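Got the model open in your viewer? Set it to cartoon, keep the selection box handy, and we'll go from stop to stop.

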Amino acid sequence: MDNIVITIARQYGSGGKTIGAMLARDLGINCYSREILKMASEESGINERLFGQADERVKIASWFKVLKKPYEGELLPPESSGFVSDENLFNYQAKVIKDLAEKESCVIVGRCADFVLKDYPNVMSVFIHADKDFCMERSLERNSMTRPEMERFIEKTDKYRGDFYRYYTGHQWEDARNYDLCLNSGKLGFEKCVEAIKGYMKVRFE
């Protein structure tokens, strides 16, 4: 198989993004996360700022529900009234993700990439999680917040990620059935998570 893509979803503080970067470095491939917003902006001609604003609307929308039609891949043309809608902005991100999966081996962190690429035989999806104490301690090392502030921030961030996933896919973000592999980084540590992913890749693709 020419290209292998690893998608990573992760709880805040679990180190999923770091694990993704470590994996990509080991494999000699690219790791993409928020870079996808810039690439989607270049693909569509839509200002990158609008992609970020769409993310922010998800964060503050307490009324967030599931789309009547979760992502199916349709792109609206510039003349459409919905060209810069949140849904079409997501669709352009999804197009970038699909293009990447077709042209190169890479790691993609977040952006519902596991769902977007669910029908691709060259893709394996990973969910990185850890217990509350591990996520808290690691987050406190990286941010100047009090423990109560950090606890609220972690809860808010994970709720946002769950809402974002549910809105665009119609599925639950933390449901293990969405992923090929779920790893507890608090028990394994980052290096062993990388080794576990590489081991799964070897069994799955070689």
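The tour below goes helix by helix and pocket by pocket, with something to select at each stop. Keep in mind that this is a predicted model.

**Stop 1: helix α1**

Select residues 16-27, which make up helix α1. Try your distance tool on the C-alpha atoms at the two ends: they are 16 Å apart, and that agrees with the 16 Å expected because 12 residues at 1.5 Å a residue should span that much.

Which residues of α1 are buried? Colour G16, I19, G20, M22, L23 and A24 to see them. While they are coloured, here's a handy rule: residues three or four places apart in an α-helix point the same way, because there are 3.6 residues a turn.

Now show what those buried residues pack against. The strands are β1 (5-10), β2 (30-32), β3 (106-109) and β4 (123-129), and the helices are α8 (185-188) and α9 (190-205).

Zoom in on G16, which sits in α1. G16 counts as buried because its relative accessibility is 2%, and the cut-off for buried is under 20%. Leaving out residues up to four places away in sequence, G16 touches I8, R10 and I128. Then pick F190 as well: F190 and G16 are 174 residues apart in sequence, yet their C-alpha atoms are 8.5 Å apart in space.

Before you leave, click on G28, which follows α1 and has a positive phi, near 70 degrees.

**Stop 2: the largest pocket**

Switch on a surface and look for the largest pocket, which holds about 800 Å³ of space. To find its middle, select R10, Y12, T157, Y160 and R161, the closest to the centre among the 37 lining residues. You've met R10 already, as a residue that G16 touches.

Where does the lining come from? Two or more residues each come from β1, α1, α3 (48-60), α5 (113-116), α6 (132-142) and α7 (147-169). Helix α7 gives the largest share, seven residues.

Colour the lining by class and you should get 12 nonpolar, 13 polar and 12 charged residues.

**Stop 3: helix α7**

Since α7 gives the pocket that largest share, select the helix itself. Its 23 residues should span 33 Å at 1.5 Å a residue, and the end C-alpha atoms are indeed 33 Å apart. Just after α7 comes G170, with a positive phi near 80 degrees.

Stay on α7 and pick F164, which lies in this helix. F164 is buried, at 7% relative accessibility. For a sense of scale, draw a line from F164 to D133: the two are 31 residues apart in sequence and 24 Å apart in space, C-alpha to C-alpha.

**Stop 4: the aromatic rings**

Show the side chains of Phe, Tyr and Trp. There are 10 aromatic pairs to find. Begin with F90 and Y168: their ring centres are 4.2 Å apart and their planes are at 5 degrees, so this pair is stacked. F90 is in helix α4 (residues 86-103) and Y168 is in α7, so the pair ties together parts 78 residues apart in sequence. Buried or exposed? F90 is buried at 2% relative accessibility, and Y168 is buried too, at 3%.

Next, select F127 and Y179. Here the ring centres are 5.1 Å apart and the planes are at 35 degrees, so the pair is tilted. F127 belongs to strand β4 and Y179 to the loop between α7 and β5 (181-184), so parts 52 residues apart in sequence are tied together. F127 is buried, with a relative accessible area of 4%, and Y179 is buried at 8%.

To finish this stop, select F90, Y160, F164, Y167 and Y168 together: ring pairs link them into a cluster. Y160 is also one of the residues closest to the centre of the largest pocket.

**Stop 5: the loop between β3 and α5**

Last selection: R111 and C112. R111 is in the loop between β3 and α5, and C112 lies in that loop too. Look at the backbone angles here. R111 has a positive phi, near 60 degrees, in a residue other than glycine. C112 isn't a glycine either, and its phi is positive at about 60 degrees. Turn on the surface again: R111 is buried, with a relative accessible area of 12%, and C112 is buried at 5%.

Methods:
Residues numbered from 1 in each chain as written. Heavy atoms only, no water. Helix = DSSP H or I, 4+ residues; strand = E, 2+ residues; numbered from the N terminus. Expected span 1.5 Å × (residues − 1). Buried < 20%, exposed > 50% of the residue type's maximum accessible area, 1.4 Å probe, protein only. Contact = heavy atoms within 4.5 Å. 1 Å grid on protein atoms, 1.4 Å probe; cavity = no way out; pocket = protein on both sides within 12 Å on 5 of 7 lines; lining within 4 Å. Points joined across faces, edges and corners; volume = space filled by probe spheres on them. Nonpolar A, V, L, I, M, F, W, Y, C, P; charged D, E, K, R; others polar. Phe/Tyr/Trp six-rings, centres within 6.5 Å; stacked < 30°, edge-to-face > 60°.
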